[in-house]
Amino acid sequence: MMAPSLSTAVSSVLLLLLAAAISVSSSPPMPEDSIRVISAEKRIDLTSPIVKVFLTLKVENDATAPEASQVLLAFTPTEVEHLAIVKATRAEGKRKKKIYVPLSVKASDLAAAPNGARLYSILLSTPLKPAEVMTLEVFYALTHSLEPFPAEITQSDPQLVYYRDSAVLLSPYHVLEQVTYIKMPSNRVESFTKVDPTGRAGNEVKYGTYNNQLPNSYVPILVHYQNNRPFAVVEELVRKVEISHWGNVQITEQYKLKHGGAQHKGVFSSSLLYGYSFETFLARLEYQSRPSISGVSSFKNLLARLPPRVHSVYYRDEIGNISSSHLRSDSHKSELEIEPRYPLFGGWHCTFTIGYGLPLQDFLFESDDGRRYINLTFGCPLLDTVVDDLTIKVVLPEGSTSPQAVVPFLMEQYLETSYSYLDVVGRTTVVLKKRNVVGEHNVPFQVYYEFNPIFMLAEPLMLISAVFLFFVACIAYLHMDLSIGKS
Amino acid sequence: MAAATALDSLPAPLRSLRLKTKQQELLLRVSALALIYVLAFVVRLFSVLRYESMIHEFDPYFNYRTTLFLSDHGFSEFWNWFDFESWYPLGRVVGGTLFPGLMVTAALLHRLLRALSLAVHIREVCVLTAPFFAANTTLVAYAFGREIWDSGAGLVAAALIAVCPGYISRSVAGSYDNEGVAIFALLLTFYLFVRAVNTGSLAWSLASAFGYFYMVSAWGGYVFIINLLPLYVLVLLVTGRYSQRLYVAYNSTYVLGMLLAMQIRFVGFQHVQSGEHMAAMGVFFLLQVFFFLDWVKYLLNDAKLFKSFLRITLTCVITVGTLALGIGTASGYISPWTGRFYSLLDPTYAKDHIPIIASVSEHQPTAWSSFMFDFHILLFLFPAGLYFCFKRLSDATIFIVMYGLTSMYFAGVMVRLILVAAPAVCLISAIAASATIKNLTTLIRTKSKSPQTVSGKSSGSKAAAKGAVDQSLPFQQNVAIALLLGAFYLLSRYAVHCTWVTSEAYSSPSIVLAARGHNGGRVIFDDYREAYYWLRQNTPSDAKIMSWWDYGYQITAMGNRTVIVDNNTWNNTHIATVGRAMSSYEDEAYEIMQSLDVNYVLVVFGGVTGYSSDDINKFLWMVRIGGGVFPVIKEPDYLVNGEYRVDKGAAPKMLNCLMYKLCYYRFGELTTEYGKPPGYDRVRGVEIGNKDIKLEYLEEAFTTSNWIVRIYKVKPPKNRS
């Protein structure tokens, strides 16, 4: 770390004055105005369809200001729309003994920043004392932020995309020193906006270092590069978890999948792409000598990571089973490799359903207060996908009461009743809905409920009594004379 | 025996549990019947176990689609449904052009299961409808057998029909077709009618009318009933077996059945307006005349007077009848017999007049081998059964004989009608088997008893013992045992054969193809569904798909897209237009396709996999059907010296017609087999003649992984320059 130079000191004084001027103009003064960012490093990872941003902020509270309880982050309106997750940690300690304390982040209800920018506040666990310096690590993920250009490509074209951002950090604070790195999947970068100083090394573009940026400064940049990673977008995912206290948890997942990349144009030439899949009876010679250079941005299969000890897995759609899937399982996890009926090219859709059963004892526990809770993983088991609309329905056994979901993020929640085999009063169902879900959302969550085991016997008893009544009726019929005339 | 002695040693209250002989017989009968019921259901599940719970073939997909519509929208909407997704741009009045029995049955079953809070999907109900009704048919067969012979014959009939391949072929799980419930309805109607004739009871006649109504609502084969019943009545009249019972049974069944049948829109007033139904009406009037004459005869009580009266009445009746029929036919009120009816009576008719019927393989005349395949030992038992029937002639046996003989004739005319013959053949064979076994067992029993009596009472009844000895032939008992063993051997062979046939021949869904790979593993070709699902997901929802009519139902059901023609071949011209487009040059075809708003063209091609029922093999029928309406298309243009070929020696028109181009587009670049040149067609076994195919008005949109289905997009018209 460099010692703050003279110029920064001077500028900080200037900024302080400016800040004072602003605080005068805008009443009431916000305590956070006293915070400034000493150094910021923004690393943007563009290798996958999801934009991942790692932000390291070194913030300092002014010596004269009161204690600060929160640090604000600013996002542009488009970013807010595509923001999937924001996580922040506070780095404590030096070098090797560094520990990260997770902090909670929430959308701030403070008045919006200029140009419709939205503020998010990081709630500090211990307030930032005057003149104290703290390092914050922020991670956020943006979905749907890569725009394919050209928007339509043929089978043999690579997929090029645009990424738009700002060279400097958008922040409500003064940023004394800042640098931005953008990492691309390959060396093939068509173009990028130059905001001096800007440099490119291999697959990385570096913007900065910029000094003394005013609050809310924004310098738009545009990066045009090649991204052939499959843009698998789950437009809608409904996961239904049915709990049976007879020992099974049945999960049914309905996917609406789309290739979110550049639209596929013109011929889908089978003879280039296919041929591989049926080498069992085709002459392989021809196709082994011709590598599959085409359809690079398409995808043929997806990998779903399921819990261990999964059983009775099925994979089907509205018109029947799809016969191409492989299940590999060991004691830690199960991997289900699924192949849609056809390879997905840009803009193509595909819907399917995956279902599987899990042993109950792995997921159902009893809490200290006597309630039961089921511990499940949130999010989507498919790797590297964005879920636009996720609905999780936890169907509790018939007769359970007072359900309560404990989820680490904000989302829509409500209760409904669903009916299944031999249900009379229906099963209480906890519905959780969340938009814009990425892999980072795959964290455990719990649903607590109360359940009296006597209800487990209701359905078997119903069946037994029905069969019994049938036999009684048969006996009664055989022993009765129903004829009208005399015998 | 051991059980009985064990029971004897039990305390008194438990001993009362011992069954009487009659009860034992009942228990045996009921459990045998229950086992047969389960067997009939289970034997049809091969395809579900081997593949999955899915709908098979072509027509069932339409039935499934309509059932879905029915359960989603309710009966009223279903009844008034105008389907825009088929026969574009004509559309189809679905409610008025189908037999709703099957769909209503499945939807009701589904609703019933739902009401019992069993959360099954309607697809599972549809898949299992046919096996369920086949199991019910065994019960009807039992009752029918008991009615015409005895309960033993009924049991044998139930067992035979449970596994009869001729019936299984149309009732495996997933074969969700009208026939699945119709055979049940057919046999039920016949049983109830015979029962009504035997009892003369109005209640049974009523039941028979309702059975007929159900049959009419389920399948066009009801015409068989409405012609067989009057024929049967006529035969009874001629053989002097007229009775009041017959009068009650036929009249009430006919009148009520006719009125009920008119409620089915697809059938409508055909019972009074169509030539095919006139026999029933004629016999109805004949019965009235007969009854009237009988009454007059009784009143007059004078043979001479009655004779002259008979002459006058008969003349009058015949004149009036002929006049009515003549005027009706001439004025067009009574429609003449349809082509389908003619083709039933005359096997050669369809070939000359209706190519669209002749092009379907299940409408071909039956080969001897398929009789053997579908009936096995029943084929030998059938004449024996007829012999037994004639030996003990009654109203009921006359009926089953007539049913057997007529349906056997129809089975010979068309392969698919083996199905109708199957219950009759099973019943008659069951009579043979049951009667034979019964005779043999009585022989064995009497023989084994007589020595006992002789030894027991040393000189008690010598005469009786002598008589028994005299009657019997040498080695009678041994021969009887041998024959019995032979009969059991034959029956067990039958069971083995049926299981084998079911598993090997009739349990393939035909939409998923399975083959053996090089390494012996099972290779599954799921290309049809791949293509249909692609259509469903990746084409505009109003896209129009042109394909040969075979795939129409599947495209609408699985692809959910509009088709030009489908398996309901009601408009020959429309089909011929598609046939014409397929057999024209690309530019001419483009005009036709533009006029029909076609967006995609789908062809089925087996050249890569060796799948032989593809469009190139069906192509000559497209030419024939197209040429039947549009004389521009001439069959000889596609043949070389009367030979159909696709290699270099093929006719130039063949090499450049749309179908050829679409099937073989870019095929010339593909090597399909070792040691063969690229573009080697594995079905025809030749190298194709035109490897350099350029498409001008169409472009390849999708080809499935094994090339079985290829979909082309019709390009929009070019800008005018």
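Helices, taken as H or I runs of at least four residues, and strands, taken as E runs of at least two, are DSSP runs numbered from the N terminus. On that basis, chain B has 33 helices and 11 strands, while the secondary structure of chain A comes to five helices and 31 strands. The model described here is a predicted one.

**The two chains**

The table sets out the composition of each chain.

| Chain | Helices | Strands | Residues | Buried residues |
|---|---|---|---|---|
| A | five helices | 31 strands | 487 residues | 34% |
| B | 33 helices | 11 strands | 721 residues | 43% |

Chain B has a C-alpha trace that spans about 115 × 75 × 60 Å along its principal axes. Contacts that link residues at least 6 apart in sequence can be divided by how far apart the partners lie along the chain. In chain B, 71% of such contacts join residues at least 24 apart. In chain A, the corresponding share joining residues at least 24 apart is 74%.

**Nonpolar cores**

In soluble globular proteins, nonpolar side chains tend to be buried together. In this model, the largest nonpolar core comprises 204 residues, and B:Ala157, B:Met215 and B:Cys426 are the residues with the most contacts inside it. Both domain 1 (21-175) and domain 2 (522-712) of chain B contribute residues to this core, so it lies between them. A second core, separate from this one, has 95 residues, including A:Ala40, A:Val59, A:Leu344 and A:Val386.

The surroundings of B:Met215 can be described residue by residue. Leaving aside residues up to four places away in sequence, B:Met215 touches B:Ala182, B:Ala185, B:Leu186 and B:Thr189, together with B:Tyr222 and B:Ile225.

**An open sheet in chain A**

Strands of a sheet pair through backbone hydrogen bonds, either parallel or antiparallel. In chain A, four strands form an open sheet with antiparallel pairing, in the order β8-β10-β15-β12. The edges are occupied by β8 (146-148) and β12 (189-192) of chain A; each has a single partner strand, so one side of each is left without a neighbour in the sheet. On average, neighbouring strands of this sheet are turned by 20 degrees against each other, direction ignored.

The partner of β8(A) can be examined in detail. Strand β10 of chain A, residues 160-166, pairs with β8(A) in the antiparallel sense over three bridges. Within this part of the sheet, A:Leu146 has A:Tyr163 in β10(A) as its bridge partner.

Technical notes: Residues numbered from 1 in each chain as written. Chains lettered and ligands numbered in written order. Predicted model: local features only at pLDDT ≥ 70, side-chain atom pairs only at ≥ 80, totals over all residues. Core = buried A, V, L, I, M, F, W, Y, C linked by C-beta atoms within 7 Å. Buried ≥ 20, exposed ≤ 12 C-beta atoms within 10 Å, placed from the backbone. Domains from an automatic or database assignment. Contact = placed C-beta atoms within 7 Å. Pairing = 2+ DSSP bridges. Axes fitted to C-alpha atoms, helices over the stretch in contact; angles between N-to-C directions.
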